[in-house]
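User: Could you take a close look at the salt bridges in this model for me? I would like to see how they sit in their surroundings.

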Amino acid sequence: MATRNFGATQNLNRQSMAPGGGNATKSRQLAHLQAQLAQLSSNLSDTENLLRMTSVQAEAMRGLGSWHGGLFMAASKVLGEDSVKDGR
């Protein structure tokens, strides 16, 4: 069985019919690509700054967790002693 692929071979060597249109299109596409790369670079820089800030905040949360754990243990000890005295 023979299969036909009309579009694949016909579009390979197809060029723009407008004189100089290919250069204008290419320049426009390159300018668009440059703008997209600039936006990507800006977004990556923002992401890097946010990750750095998240790291700092994670360390602060770790300290707060330790502090709260200490408070809970101290409260448990105080309340535990009071309940032992009340039980006697």
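Analyst: Searching the whole structure turns up 2 salt bridges, a salt bridge being a side-chain nitrogen of Lys or Arg within 4 Å of a carboxyl oxygen of Asp or Glu. Please keep in mind that this is a predicted model, in which local features need pLDDT of at least 70 and side-chain atom pairs count only at pLDDT 80 or more, while totals for chains, interfaces and linings use all residues. Residues are numbered from 1 along each chain as its sequence is written, and side-chain values use heavy atoms, with hydrogens and water left out.

Let's take the pair Glu48 and Arg52, whose side chains meet in a salt bridge at 2.9 Å, N to O. These two residues are separated by about one helical turn because they are 4 residues apart in helix α2. Helices here are DSSP runs of H or I with at least four residues, strands are runs of E with at least two, and both are numbered from the N terminus. Glu48 is partly exposed at 44% relative accessibility, and Arg52 is partly exposed too, at 47%. On this scale, buried means under 20% relative accessible area, exposed over 50%, and partly exposed in between, with a 1.4 Å probe and protein chains only.

Now to the other pair: Glu59 forms a salt bridge with Arg62, their closest N and O atoms lying 3.9 Å apart. Both residues belong to helix α2, 3 residues apart, again about one turn of the helix. Arg62 counts as exposed, with 60% relative accessibility.

Helix α2 spans residues 21-87 and also holds Leu33, which is partly exposed at 42% relative accessible area. Leu33 joins Leu30, Leu37, Leu40 and Leu44 in a nonpolar surface patch of about 490 Å². Such patches take residues with over 30% relative accessible area and no salt bridge, joining like charges within 9 Å and nonpolar side chains (Val, Leu, Ile, Met, Phe, Trp, Tyr) within 5 Å.

As for the wider setting, the protein chain has 2 helices and 0 strands, and 1% of its 88 residues count as buried. Its accessible surface is about 8500 Å², with 59% belonging to carbon and sulfur atoms; accessible areas come from the Shrake-Rupley method with a 1.4 Å probe, and for residues only the protein chains shown count as cover.
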